[in-house]
Amino acid sequence: MVDKIKKRQGFKDLERVRAKRKHGSLIKRTIFWTIIIVFTIWTLFPIFWAVVTSFKYTGDAYKPTFIPWAQFKPTLQGWYSAFVIEGERTFRSLRNSILIASLSSAIVLFLGALAGYSLARFVFKGWKNKDIAVWILSNRMTPQVAVLIPYFLLMRGLRLLDNPLAIIMGHTVLNLPLGVWLMIDFFRDLPQDLEDAALIDGCSYLGAFFKIALPLVAPGLVAVYVLSFIISWHEFIFVLVLGFNKAITIPVVIAGSLTTKGLDFWRMASVSLIGIAPVVILAVLASRFLVRGLTLGAVKE
Amino acid sequence: MRYFYHKNLIKWCFLLPSLGYLISMAIFPLVWSLSLSFTHFLGTIMTEPQWTGFANYRDILFSDRRFWRALWFTVRFVSMAVLLELGIGLSMAYLLRDRFPGRNFLRTLFLIPMACPPIAVAFLWKIILHPDIGIMNTILQTIGFSKVRWTTSVSVAPLTIVMVDVWEWTPFVFLALFAAIQSLPIELYDAAAVDGASSFQVFRYIVVPIITPVIVTVTLIRVIDAFKLFELVFGITSAGPANATESLSYYVYLTGIKWFDLGKGTAMSWIFTLIVLSISLILLSRLRKG
């Protein structure tokens with residue numbers, strides 16, 4: 001199409017138009033970059049401010065000073081408090097967060113890959129595949145607080161209150177619908193020919209799944225795992241209700257950094273950053289899949 | 001073993017674990033909560049629920065003004081936050097459509113707000129917005145404005161929650177719409193420009209109509225998620241001042257868990273679920289077709 005246009009007389013127009021769009025007038029460029037800079041500052045400022053605050057003494061925390069050494073004397077007291085004084089609690093919650101997020105995501109991945117493959121490759125007569133998939137996804141839309149009370153009673157009955165297992169079960173329910181839905185999408189993107197060829201060569205359905213489909217869909221598996229890991233890491237309500245002490249995760253510690261000892265900004269900042277850093281790094285690494293996953297596959301990059 | 005390799009067996013063996021898990025851990029709790037919602041059951045002093053029929057629902061819908069207030073706040077919050085996120089996200093996505101140095105870096109940067117745990121977001125902003133010693137008011141005063149009571153004024157606090165939600169989720173809307181706009185062929189702009197269309201006309205008459213499906217999907221996802229607002233309220237204002245920022249999720253949590261009024265709590269959570277699910281149905285039927 002471009003070649004055709006180039007051959008025509010209008011090519012010069014096109015050149016001009018493109019050049020104009022690329023460079024624009026000085027005013028336009030200024031506006032453009034101003035918007036970008038304002039939006040960048042707006043996005044980064046809270047994080048930046050938390051980092052600065054976490055290195056301040058109590059008295060400095062309330063002052064508008066930004067540059068360490070030049071404007072204020074930096075201190076490690078916020079981090080010392082988080083990692084040493086309250087260290088036991090911080091590390092326990094970090095351990096729980098990692099344990100709960102990685103285990104529940106592993107279950108989501110396992111169940112999701114199986115169900116996703118089944119719904120992407122086989123035909124369910126009677127119920128349509130699409131209906132089953134949409135029903136599964138609909139579970140994602142129910143608000144967490146709706147199942148909070150039965151969960152509490154159930155876990156109390158099973159004597160699983162304040163046990164990471166209860167939270168793992170909760171987070172698996174939270175993430176499984178999304179996991180299945182995305183896995184269907186990822187398996188659909190694979191050409192079926194390879195599996196068909198393997199089946200004709202005498203490979204079993206199980207073999208075709210494990211030896212051919214699963215390795216090919218590896219990027220999708222990573223996407224589902226990372227996404228459910230992040231969502232599980234973020235989740236607050238279940239942990240708040242089902243864990244008190246032994247099974248708390250990092251969001252609960254963040255929430256607790258206020259109630260324990262009043263307004264110590266440096267403590268709130270350092271604890272919040274501990275909760276933020278691991279998932280932000282993970283999200284940046286998996287940035288390619290994040291938008292696709294969060295839009296339920298509606299946007300593919 | 002041959003049977004195990006059979007097609008029909010395989011497809012059910014693959015699907016049933018997920019279905020079973022969801023039925024036992026998602027549907028069963030909902031049914032249980034439905035049955036509890038028809039009872040009077042104060043968890044602190046009663047061991048057995050007492051059947052009362054629709055009393056809880058009547059109580060909530062006709063005589064609980066706090067519930068209506070929470071619902072009204074939530075609806076206002078959702079509409080304001082989602083509209084702002086959509087407006088800013090869409091215009092930014094269109095504005096940044098051309099390549100420029102640092103674009104990929106910027107895209108990665110925008111992942112940060114939504115990658116933060118919501119409760120941490122609440123605390124980041126709580127530090128900034130503290131009415132007496134927060135940096136925001138200090139800066140405002142330095143430039144010559146008066147202090148804003150971000151979290152302690154009945155009229156400002158709801159807007160503060162909206163603002164923080166906009167901070168957290170505009171990048172998501174931006175990234176989704178950005179990806180959609182990027183997938184349009186560049187010749188589209190060429191053709192429009194050769195014909196003499198202005199940048200805004202291209203946006204209004206070409207880009208928006210083409211990406212409308214994505215806009216609708218993203219909006220619905222945001223509406224459904226925003227309805228569940230909990231962490232920001234919990235962290236920034238604790239539903240204050242004078243319950244001005246009490247969201248539905250928060251009120252359900254208070255009633256059912258804090259006060260342990262299981263009957264009323266489950267009834268309220270069911271009303272809440274029905275509201276959210278009815279919006280979800282629109283999204284689900286769209287996804288079903290797509």
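How are helix 7 of chain A and helix 1 of chain B oriented to each other? Roughly perpendicular (angles of 65 to 115 degrees). This tour leads there.

The model is predicted: local features need pLDDT of at least 70, side-chain atom pairs count only at pLDDT 80 or more, and totals for chains, interfaces and linings use all residues. Residues are numbered from 1 along each chain as its sequence is written, and chains are lettered from A and ligands numbered from 1 in the order written.

**Select chain A.** Colour by secondary structure: 15 helices and zero strands (DSSP runs; H or I of at least four residues, E of at least two). The radius of gyration, over C-alpha atoms, is 26 Å, well over the 19 Å from the globule rule for 301 residues, so chain A is more spread out than a compact globule. That rule is 2.2 Å times the number of residues to the power 0.38. The C-alpha trace spans about 70 × 70 × 35 Å along its principal axes.

**Show both chains.** Here 80 residues of chain B contact 84 of chain A (C-beta atoms, placed from the backbone, within 7 Å). Helix 1 of chain B, residues 7–36, gives the most to chain B's side, with 16 residues.

**Select A 144–157 and helix 1 of chain B.** The first range is helix 7 of chain A; the two axes, lines fitted to C-alpha atoms over the stretch in contact, come within 8 Å and cross at roughly 95 degrees. Show side chains. Among the contact residues are A:Ile149, A:Tyr151 and A:Leu154, with B:Leu30, B:Trp32 and B:Ser33 opposite.

Methods:
Two residues are in contact if their C-beta atoms, placed from the backbone, lie within 7 Å. Axes are lines fitted to C-alpha atoms, for helices over the stretch in contact, and angles run from 0 to 180 degrees between N-to-C directions. Angles under 35 degrees count as roughly parallel, over 145 as roughly antiparallel, 65 to 115 as roughly perpendicular and the rest as oblique.
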